[in-house]
Amino acid sequence: MKIAVLGTGYVGLSTGVCLSEIGHSVICIDTDEQKIKSLRQGVSPIYEPGLENLLAQNAAAGRLLFTTSHREALNGAEIIIIAVGTPQMEDGGADLSYIVQAAKDIAANLVQSSVVVIKSTVPVGTNDFIKKIMEELCNEKVTFNMVSNPEFLRQGSAVMDTMKADRIIIGSENDEAAKKVQEMYRPLNVPFILTSIRSAEMIKYASNAFLATKISFINEVANLCGAVGADVKDVAKGMGKDKRIGEAFLQPGIGYGGSCFPKDVKALLHTAKLNGVHFSLLKETVAINDFQQEILVTKAINRLGDLKGKKVAMLGLAFKPETDDMREAPSIKIARSLTKLGAEVVAYDPVAIDNAKKILGDTIRFASSVREATLDADAVFIVTEWNEFRQLDLETLMNTMRQPIIFDGRNCLEEDRIRACKKIEYYPIGRPAIVIGMT
C-alpha cells in the first residue's frame with residue numbers, strides 16, 4: 001500500500017518507519033524543513049532504540065520517503081495517517097489545533113478517495129469534528145472515510161510496541177475502511193479489536209488513565225509501607241502474582257511523567273467535566289502523582305535539614321530510561337524545588353541533557369559523567385532508572401562523595417550490593433532505609 005503519515009514525532013516517525021519495514025511504501029510529511037532534511041540524511045530527531053537503523057535501511061530500500069509537500073505525499077495515498085501532537089491546554093483539555101491544520105492540509109491537497117486515520121490521542125468526538133471540517137473543504141469529487149486507530153507506544157520501546165503490539169484498535173463506522181486499515185497491519189499478525197470510532201477514542205484515554213492510577217495506587221501503598229515498616233517490594237510482588245492484578249506498573253517511585261500519562265489523565269478529566277461526570281478517582285491520581293514527585297526532596301530535608309549550600313547530584317533527567325524525552329519529567333520539579341531551597345544541583349543523564357537544558361537552563365549544572373556529578377556531593381538522587389545507574393560502583397561512589405547518602409527514587413539498587421558497602425546511607429521508596437558504618 002501507499003501510505004502517507006502527517007507528523008514525524010514519536011508516534012508518526014515510529015509508525016512510518018515500522019510500516020515501511022513490513023513492506024509498505026510510506027512517505028512522511030512535516031512542515032519543519034530542517035527536520036525533513038535530517039531525516040533524509042538518515043538522522044532521527046528523537047532518541048529511540050533501533051529506530052534510526054530501521055529508518056536508514058528502509059530509506060535506502062526506497063520504501064520510506066520524507067517531504068514537506070502535502071501534495072506530493074498525498075497523491076495516490078490509499079491511507080493517510082494523522083499523527084501530530086495534541087498538547088495539553090491550561091484547562092486540561094487537548095489542543096486540537098495541529099489536528100485541525102492537518103485536516104485542512106489534507107482537504108486542500110487530496111485528489112483521490114482515501115481512508116483518513118487519526119492515530120493522535122484525541123478526545124471522544126474528535127474524529128466526527130475533523131470529518132465535518134474536511135467535508136466542507138474537500139473537492140466534492142473526492143470521498144474519504146474516517147478511522148480512529150489510537151497508538152499505544154511506550155517511549156524507549158516504540159519499535160517493539162509497533163511490531164509486536166498487544167492489540168490494534170480500529171474504530172470506524174465504515175466496514176470497508178476498517179478492513180483497509182486491518183489489511184495494512186496484517187503482516188504484524190497481532191490481535192485486532194474492531195469497534196466504533198467513539199469507543200476507539202475512549203479506549204486510548206481509559207487505558208492510559210488506568211495505568212496512571214495503578215502507578216499512583218502503588219505509590220500510596222509505598223508511602224504507607226514506609227510509615228508502618230512494611231516493604232513495598234514484597235507487597236507489590238505478592239499483589240502482582242494475582243492474575244487479576246498483574247505485575248506491570250506496580251513499581252513504586254517518584255511518579256509518572258512523559259508525553260502521555262499526565263496530559264491524557266487531565267484530558268479525560270476535562271471530558272468528564274464537560275459531560276457532567278465527577279471522575280474523583282482521576283483527580284486523586286493526579287494529586288498523588290504531584291505529591292510523589294516531591295518525596296525525594298522531603299526525604300532529603302528530613303535527613304539533612306537545611307539544604308542551603310548542599311550539593312545534590314541528580315542521576316537521571318528523562319522521565320524514563322531509553323528516551324531523551326523531558327516532557328513532565330519528575331526531574332524538573334525536583335530540580336526546581338532543590339534550587340529554591342538553596343541547594344547546588346548537578347545533574348547527569350546519558351541522553352537527555354540537551355533537552356533538559358532547554359527547560360532548566362542555567363538554574364542547575366550539568367555533568368558529563370556520574371563521577372563529575374557526584375564528586376563532593378552531600379547526597380545523590382536517583383531520578384531515572386538507567387542501567388548505568390543500576391550498576392553503579394557503590395564503593396567508588398561513596399568515596400567520591402562528601403557524604404555517602406543515596407535517595408533512590410526508583411528503587412533500582414539491589415539490597416545485597418548496598419549492604420556490601422562499608423559506609424552508606426540508603427533511602428528508597430516504601431522500603432526500610434539501610435544505614436551502614438555511620439556514626
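**Entry 1: the cavity**

I take a cavity to be a set of grid points where a 1.4 Å probe fits but cannot get out. The model I examined under this rule is a predicted one. I counted one cavity of 30 Å³ or more, and I noted a volume of about 40 Å³ for the largest cavity.

I then listed the residues that line the largest cavity: I118, S120, T121, V122, S148, P150, A200, E201 and K204. By class, I recorded four nonpolar, three polar and two charged residues in this lining. I also asked which helix gives the largest share of the lining of the largest cavity. Helix 9 does, with three residues.

**Entry 2: helix 9 against helix 11**

I followed helix 9, residues 197–228, to its contact with helix 11, residues 261–274. Their axes come within 9 Å and cross at roughly 115 degrees. I therefore entered helix 9 and helix 11 as roughly perpendicular to each other. The crossing by which helix 9 passes helix 11 is left-handed.

On the helix 9 side I found M202, K204, Y205, A206, N208, A209, L211, A212 and I215. On the helix 11 side I found F261, D264, V265, A267 and L268. I classed the residues of this contact as 11 nonpolar, one polar and two charged. I marked K204 in particular, as this residue meets helix 11 within the contact set and also lines the largest cavity.

**Entry 3: helix 11 against helix 12**

I next looked up the pair formed by helix 11 and helix 12, the latter being residues 280–292. The axes come within 10 Å, and I noted a crossing angle of roughly 150 degrees. Angles over 145 degrees count as roughly antiparallel, and helix 11 and helix 12 are therefore roughly antiparallel to each other. I recorded this crossing, too, as left-handed.

Helix 11 contributes V265, K266, L268 and L269 to the contact, and helix 12 contributes L282, K283 and V286. I counted five nonpolar, no polar and two charged residues here. V265 and L268 belong to this contact and are also among the helix 11 residues that meet helix 9.

**Entry 4: helix 5 against helix 6**

I turned to helix 5 and helix 6, the latter spanning residues 126–137. The two pack at an angle of about 35 degrees, with their axes 9 Å apart. I noted that helix 5 passes helix 6 in a right-handed crossing.

I read off I99, V100, A103, K104, I106 and A107 in helix 5, which meet T126, F129, I130, I133, M134 and L137 in helix 6. I divided the residues of this contact into 10 nonpolar, one polar and one charged.

**Entry 5: the second largest pocket**

Lastly I looked up the second largest pocket, for which I entered a volume of about 1400 Å³. How many residues line this pocket, and which lie nearest its centre? I counted 47 lining residues, and those nearest the centre are G9, Y10, V84, G85 and R327.

Helix 1 (10–21), helix 5 (97–109), helix 11 and helix 15 (353–360) are the elements that give two or more residues to this lining. I sorted the lining residues into 19 nonpolar, 16 polar and 12 charged. I closed with a cross-reference: helix 11 gives residues to this pocket and packs against helix 9 and helix 12.

Notes. Residues numbered from 1 in each chain as written. Predicted model: local features only at pLDDT ≥ 70, side-chain atom pairs only at ≥ 80, totals over all residues. Heavy atoms only, no water. Axes fitted to C-alpha atoms, helices over the stretch in contact; angles between N-to-C directions. Helix = DSSP H or I, 4+ residues; strand = E, 2+ residues; numbered from the N terminus. Parallel < 35°, antiparallel > 145°, perpendicular 65-115°, else oblique. Left-handed = near helix turned anticlockwise from the far one by under 90°. Contact = heavy atoms within 4.5 Å. Nonpolar A, V, L, I, M, F, W, Y, C, P; charged D, E, K, R; others polar. 1 Å grid on protein atoms, 1.4 Å probe; cavity = no way out; pocket = protein on both sides within 12 Å on 5 of 7 lines; lining within 4 Å. Points joined across faces, edges and corners; volume = space filled by probe spheres on them.
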